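User: Please select one part of the structure shown below and examine it closely. I should like a connected account of its burial and its pairing partners.

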Amino acid sequence: MSFAIETEGLIKIFRSRWSGKEVRAVDGISLRVEPGATFGLLGPNGAGKTTFVKMLLSCAHPTAGRAMVFGRDSREAEARRPIGYLPENHRFPTYMTGRSMLDFYGALSGMDGVTRRKRIPELLATVGLAEWGDMRLGKYSKGMLQRVGLAQALMHAPTLLILDEPSDGVDPIGRRQIRDILHALEQQGVTIFLNSHLLAEVELFCHDVAIIHRGRVALEGKVKDLTAGSGYRVEAEHVPERVQQELRAKAMAVAQRNGNVEFLFGSRDEANLAVDLLRAEHCEIESVARTSSTLEDVFVKAIHEQ
Amino acid sequence: MNSKTIGVTLALVRDTFREAFARKIFWGFFGCSTALILFFVFIMRIDVVQGAIATVSLFGNTSHSLDVQRLVRQAHGAIAAFLFTAGMFLAVFASAGLIPSVFEPGRIELLLSKPVERYHILLGRYTGNVLVIAANIFYLVFAVWLIFGIKTGVWTAGFLWSSALTVYMFAVLLTVVVLVGVLWESAAVTTMVTFGIMIVSPILAQQQTLERLLTSETSRNIVRCAYYALPKVFDLGRIARSLVLGNPIDDWMPVWSSGLFGVVVLGAGIYVFARKNY
């Protein structure tokens, strides 16, 4: 099976022309993204995310290693045909209208005139810019540019969408709209590769993530696995002081919350024993839940551990 | 060349025209050309009697008994000379921004993410730029040729050929714009380097005189190499004038050697562009 994206030991070293100083922007990244996946690439500023994406698109040439897109070497022009790309800090020509911009980039993607003319109004409507298609991009707001940029990336119905900070500068409604569009594309089997520093956005949308730091993969896996904790939280009310003392000795943490007591246990057995004791003492169990971390917790931990 | 390749090329050419329109480059040239054409249509009155010009009126001043062929060729020659000097400087100045603008961060990444070879992007832009200038030169030259032809009955093909030579020279100089633009991504540096080549051309054209003045053999070799290596703007101007005046061309070396320079420099531009990281 060919992966939507596959990199092997990808390295990019930038050398200063005068001083000869080297910067290893990407330092041996090997990643695999399956077709139809929603993949988030995370990392602090300067981690090498954008350089990695640029190598996938052949905007930057790898110093070593290789990048493949649907089984083709990313340096081949044909490897870019299934890709729709929205860059971060894009600068669309301001002399173009939304319509002419879509037409131009559609033509570069190899679409014929008839298909382009049919597709443009559909896409403008999809991103909520149907009435703005004939206005120059110079007059667009940041959010509108982001949306027309997304339309540009979708113009030739790509099977791999690479988005660099797609909701940057977009208001919450627009952000929701973009997420809905991406969900619809996910349903259609489009592989979505999201490069973003908005962890909540990635957590909401992506199923798989990789966190890169200093040009290397610090952590990789399924979002649900990475954010799943190993502890159990038991919340009860009317817990006598004596029982509280007994459980406090076994719990990792205890917290008072609106008159209830919340115990945090490190294992399922400890949690079960606590529930038995609380029920025997006629305490009301409010909730029992497995603990979880946010992607932010995972991110911070991964960065600090590396 | 398949339909996709043609479609991509046309899109790149159309985009260059669109940017030239937006930057008012096209309209600036078009306006100047139209003003000159209107001048010849309405201000200059020519009365031809039996193959010779009886009177030529310009702003109320009248001249008599001029040779019609001579007058037309002189007017054509003046326009050709203008196009080869001031027109060429203006064209390079106006075009200098059209190539580096493609390399702006945020714009180049998007272009490179499309399934198009890098050389294709560069050649498409280059072709579009040449066509923007060619459209204006041909418009002016053809209209003036038509006006003079209708008013005097003299139709000389040399003037039309000279416009082709002017476009050819511009296309050669634009290769410098491409290479410098790829290397430094700056319209200012691009303009300076190209203007430098244009300014040094009339000096190098006096290569034989220069060689006599120089005492060292090394200096003479440098001048000789520079003359043969660089595009010969001055010499091509002379050839254009000879074409207009109907004089024979005894040496085509400046034409082919300038073309060779253009091919090499454009090739270097494509090579650098293909290897560059964005």
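Analyst: A residue counts as buried if 20 or more other C-beta atoms, placed from the backbone, lie within 10 Å of its own, as exposed if 12 or fewer do, and as partly exposed in between. The model is predicted: local features require pLDDT of at least 70 and side-chain atom pairs pLDDT 80 or more, while totals for chains, interfaces and linings use all residues. Residues are numbered from 1 along each chain as its sequence is written, with chains lettered from A and ligands numbered from 1 in the order in which they are written.

The part chosen is strand β9 of chain A, residues 208–213; strands are DSSP runs of E with at least two residues, and they are numbered from the N terminus. β9(A) is mostly covered, 6 of its 6 residues being buried. Burial extends to both faces: D208(A), A210(A) and I212(A) point one way, V209(A), I211(A) and H213(A) point the other way, and all are buried.

β9(A) also has pairing partners, where pairing requires at least two DSSP bridges between two strands. With strand β3 of chain A, residues 38–42, β9(A) pairs in the parallel sense over 4 bridges; here A210(A) is the bridge partner of L41(A). With strand β10 of chain A, residues 216–222, β9(A) runs antiparallel, joined by 6 bridges. In that pairing, I211(A) has L219(A) of β10(A) as its bridge partner. β9(A) and β10(A) form a hairpin with 2 residues between the strands, and R214(A) there adopts a positive phi near 50°.
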